[in-house]
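Work through the exercises below with the sequence and the 3D view open. Each task is followed by a solution in steps.

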Amino acid sequence: MEIFEITVLSLQVSTLATLISMLIGLPFGTWLALGSFRGRNIILSVINTGMALPPVVVGLVVAIMLWRSGPLGDLRLIYTPWAIVIAQTVIAAPVVTGLTAAALEALDPRLGQQLLGLGASRVQMVWYLWREARLPLLAALMAGFGSVISEVGASMMVGGNIRGQTRVLTTAIVLETSKGEFGQALALSTLLLVLTYLINLTLTWIQQRGQKK
Amino acid sequence: MNNFIEINDFQIKRNERIVLDIEYLSITRGETLAVVGPNGAGKSTLLLALASLLKPVRGEIRFDGKSLRELDELEYRRKISFVFQSPLLLDMSVEENVALGLKFRGAPRDEIKAQVEKWVKGLGVESLSKRRAGQLSGGEAQRVSLARAFVLNPELLLLDEPFVALDPPTRAKLLEDLSAILGADHRTAVFVTHNLNEAAKLSHRIAVIVDGMVRQVGTASEIKRAPADETVKAFLSELSQ
């Protein structure tokens, strides 16, 4: 029963963090891809660096922010699932932003002008550019989800691996390993792999269906 | 003469360099103006400016008596239509591509269907209606791109070397069809090309642009007979080589 709860919580926090990352990364990445302004390359390089952020560093920074005496301590989020969602969003948002920008930059740069030249509003133009780049955008979603479902450092530091509250699959694996319960740890690892595979299988199926259409 | 488009004292800069500098150029309603000139002369820049996709640092374009600055940008763009060198079709069926601009304008479904049927037929691609854009040949794709522009019944049609990537027979056939459509419609159009013969066939007048400036406006025979200056002469000799 506990495994079921841990699995559900893992999926909940990682899915929510990925969705929030999409909400941030899709418009931000689009703005970076389509904009031409001073400092764009600097922002892009920061985002690209952010794509390789070590989860443990993110965990440390988010923990300092959410710590009781920290700037956001009054929110009392440390050691709650919300803290894990925040940390995982910080990890996934640069991944989604960077891959969104790359996906849109890979399109023919005149495509946006063509859409505007056919009478598209800015919103319509962006919508159709997203539609054109839907396969790499789906890959951005998959990469974002992959980066958070598998991370352990941030979840451990901001969630505290509290049984029945903030224990997720990865932190449970660490705990079982530290206890020498390798059988349990392997079972949880297999479960995590199967879940990740099933989710990516679904997304890949959607992606390939879009390609064949 | 009623000038439908007027370009006055118009300058566009790119990277601090003036890439288009037009003192005056006008187009009357129903006229097809061909714009010729060497590579990098500013022909495509002129089209982008006419589509209000590039902003001038000086001067203005007047459309039907009104400055583009006074007009709502989206409203203006919905009166025109742009065809690029490459077809730039979206990853959808031919009929969906042709319907795109009408969808942007929120046209009723029945009207979209009727107009799309009319123009896929008009451009000879009705048998390809259900086919995905990626499965078309270059010539077919450019026909679809023209249908996508004509379906909008634009007051101003902007064509940026639409035949450049096509093989000669496809190019000749498409040119013939386009010439017939433009002639029958009396549509105002600006047609950018490298080819003076194509320009002569399709247009009423030809503007020669060199180094961002309009050097001469006239018919093909006028331009060939009496080039306005050395730059036009050099361009003509480049064409004849």
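**Exercise 1.** Find in which sense β6(B) and β7(B) pair, and over how many bridges.

*Solution.* The model is a predicted one. Step 1: locate β7(B) at residues 156-160. Step 2: follow β6(B) beside β7(B); the two strands run in the parallel sense and share four bridges. Step 3: take one bridge as a check: F82(B) has L158(B) in β7(B) as its partner.

**Exercise 2.** Place β6(B) in its sheet and state which strands stand at the edges.

*Solution.* Step 1: trace the open sheet of six strands in chain B, whose order is β6-β7-β8-β3-β9-β10. The pairing in this sheet is mixed. Step 2: look at the ends of that order. β6 (80-83) and β10 (213-218) of chain B each have a single partner strand, so one side of each has no neighbour in the sheet. Step 3: compare directions; with the sense of direction ignored, neighbouring strands are turned by 15° against each other on average.

**Exercise 3.** Identify the strands that α5(B) touches on the sheet.

*Solution.* Step 1: find α5(B) at residues 138-150. Step 2: this helix packs on the sheet and touches β6 and β7 of chain B. Step 3: the direction of α5(B) makes about 170° with that of β6(B).

**Exercise 4.** Describe how α3(B) and α5(B) cross, and which residues meet there.

*Solution.* Step 1: the two axes come within 7 Å and cross at roughly 35°. The crossing is right-handed. Step 2: on the α3(B) side the residues are V94(B), N97(B), V98(B), L100(B) and G101(B); they meet V144(B), A147(B) and R148(B) of α5(B). Step 3: sorted by class, this contact has five nonpolar, two polar and one charged residues.

**Exercise 5.** Explain why α3(B) counts as largely enclosed by the rest of the structure.

*Solution.* Step 1: nine of the eleven residues of α3(B) are buried, so the rest of the structure largely encloses this helix. Among the buried residues are E95(B), A99(B) and F104(B). Step 2: the buried residues pack against β6, α4 (109-122) and α5 of chain B, and also against α6 (122-132) of chain A.

**Exercise 6.** State which element of chain B gives the most to the side that touches chain A.

*Solution.* Step 1: 17 residues of chain B are in contact with 14 residues of chain A. Step 2: α2 (73-77), β6 and α3 (94-104) of chain B each supply at least two residues of that side. Step 3: α3(B) gives the most, with three residues. Step 4: by class, this side of chain B has ten nonpolar, two polar and five charged residues.

How values were computed: Residues numbered from 1 in each chain as written. Chains lettered and ligands numbered in written order. Predicted model: local features only at pLDDT ≥ 70, side-chain atom pairs only at ≥ 80, totals over all residues. Pairing = 2+ DSSP bridges. Axes fitted to C-alpha atoms, helices over the stretch in contact; angles between N-to-C directions. Contact = placed C-beta atoms within 7 Å. Nonpolar A, V, L, I, M, F, W, Y, C, P; charged D, E, K, R; others polar. Left-handed = near helix turned anticlockwise from the far one by under 90°. Buried ≥ 20, exposed ≤ 12 C-beta atoms within 10 Å, placed from the backbone.
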